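I opened the notebook to look up the voids in this model and a few elements around them. The entries follow in the order of the lookups.

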Amino acid sequence: MPEMTYLEAIRQALWQEMKRDESVFLIGEDIGVYGGAFGLTHGMLDEFGPERVRETPISEATIVATAVGASLLGMRPVAEIMFMDFVLLALDQIANQAAKMRFMFGGRTSVPIVVRMPGGSGTGAASQHSQSLESILMHFPGLKVVNPSTPYDAKGLMLASIRDPNPVCFVEHKALYKTKGDVPEDDYIIPIGVAEVKRAGRDLTVVANNIMVMKTLNVAKRLAQDGIEVEVIDPRTLLPLDTETIINSVVKTGRLLVVHEACQTGGWAGEVIASVVGSPAFDYIDAPVRRLGGKDIPIPYNRGLEKFAVPQEADIENEIRAMVGGAL
């Protein structure tokens, strides 16, 4: 099985799906000649031409509105928002149009669009280019919010997202683009809404997303040397959320910590915790459930302060040791 980066895995999924299905096309700012802000669509214009790699002016609302209109006419557009921060400019089109049309028209139409958006900190891009806004998108019925952490998951989930009849917000993390992993060349699908246990354990369940999965796995590996076995769950899809896998894990371990980069206040950790404490797993909880999110501040430009603003491996390790040791 070939090894490729997270970025290459997403590009391969787009490439293969455009070869397979002529209704799939790309739309976004600088995605053609320039190849996208991070080079993900490099070469796509030469292969598929300007009709299927549609460059646009700097207008996120226009990008998504055009994609929604095209989808109603039978196309399957993949729209790119250069930085997730700017999805707010297209939120009316996503939340009030794409998410609602299937319901407003009694199921007689659907909006099969994918809106790709790189988010997250760690690149020194400061407060207007580093946010994690996935929790906001989870609030709108009709949307699906996908958030892969590995190259394998990124390809399989992208293929599933393009083929889904509903609008999908595909949230990528910029700091993961260069990470590598084994990815099959073949066509394969990872079902939307199915979490994965990335590491099995008995002492504590950690639910984490995107780059926090990698950080937590590193911490879990170190803690295992001290006899602390952490179970790491990657939801992979935040909406719909696979609560069954999470609840079953908490029943086994008796402890729950949720880790995300998004600001802690209003973050999706609250949704996970509410699902667990309102389930039969409540009777198995041996310690207060905890969440570790980003600080409630804009991401700073200074690299030291930027690290301080979001959970690091040391923060995750301290939290786990305190929970397992009974300090929390």
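How do the residues of the lining of the largest cavity divide into nonpolar, polar and charged? I found 5 nonpolar, 1 polar and 2 charged. For the classes I counted Ala, Val, Leu, Ile, Met, Phe, Trp, Tyr, Cys and Pro as nonpolar, Asp, Glu, Lys and Arg as charged, and the others, Gly among them, as polar.

Ground rules. The model is predicted, so I note that local features need pLDDT of at least 70 and side-chain atom pairs count only at pLDDT 80 or more, while totals for chains, interfaces and linings use all residues. Residues are numbered from 1 along each chain as its sequence is written, and side-chain values use heavy atoms, with hydrogens and water left out.

Cavities. I worked on a 1 Å grid over the protein atoms alone: a cavity is a set of points where a 1.4 Å probe fits but cannot get out, a pocket is an open set with protein on both sides within 12 Å along at least five of seven lines, and lining residues have an atom within 4 Å of a point. Grid points are joined across faces, edges and corners, and a volume is the space filled by probe spheres set on the points. I found 2 cavities of 30 Å³ or more. The largest cavity has a volume of about 40 Å³. Its lining consists of Leu14, Leu26, Ile27, Ile31, Thr41, Val78, Glu80 and Arg116. The elements giving two or more residues to this lining are β2 (24-28) and β4 (76-80); I took helices (H or I, at least four residues) and strands (E, at least two) as DSSP runs, numbered from the N terminus.

The second largest cavity comes to about 30 Å³. Ile94, Ala98, Ile113, Val115, Leu143, Pro167, Val168 and Cys169 line the second largest cavity. Here α4 (91-98) and β7 (168-173) give two or more residues. By class I got 8 nonpolar, no polar and no charged residues for this lining.

Helix α1. I checked its length: the 15 residues of α1 (residues 6-20) should span 21 Å, because the expected span is 1.5 Å times one less than the number of residues. The end C-alpha atoms are 21 Å apart, which agrees. Among the buried residues of α1 (under 20% relative accessible area, 1.4 Å probe, protein chains only) is Leu14, which also lines the largest cavity.

Strand β13. I found 7 of the 8 residues of β13 (residues 256-263) buried, so the strand is largely enclosed by the rest of the structure. β13 pairs in the parallel sense with β10 (residues 204-208) over 4 bridges; strands pair if DSSP finds at least two bridges between them. Val258 of β13 is the bridge partner of Val207. β13 also pairs with β14 (residues 290-294) in the parallel sense over 4 bridges, and Val259 stands opposite Leu292 of β14.

Pockets. The largest pocket has a volume of about 280 Å³. Of the 20 residues lining it, Gln131, Ser132, Leu133, Ala262 and Cys263 are the closest to its centre. The largest share of this lining, 3 residues, comes from β13. By class I counted 9 nonpolar, 9 polar and 2 charged residues.

The second largest pocket holds about 170 Å³ of space. Its lining includes Ser135, His139, Trp268 and Glu271. β12 (237-239) and α10 each give two or more residues to this lining.

Key. Buried means under 20% relative accessible area, exposed over 50%, partly exposed in between (1.4 Å probe, protein chains only).
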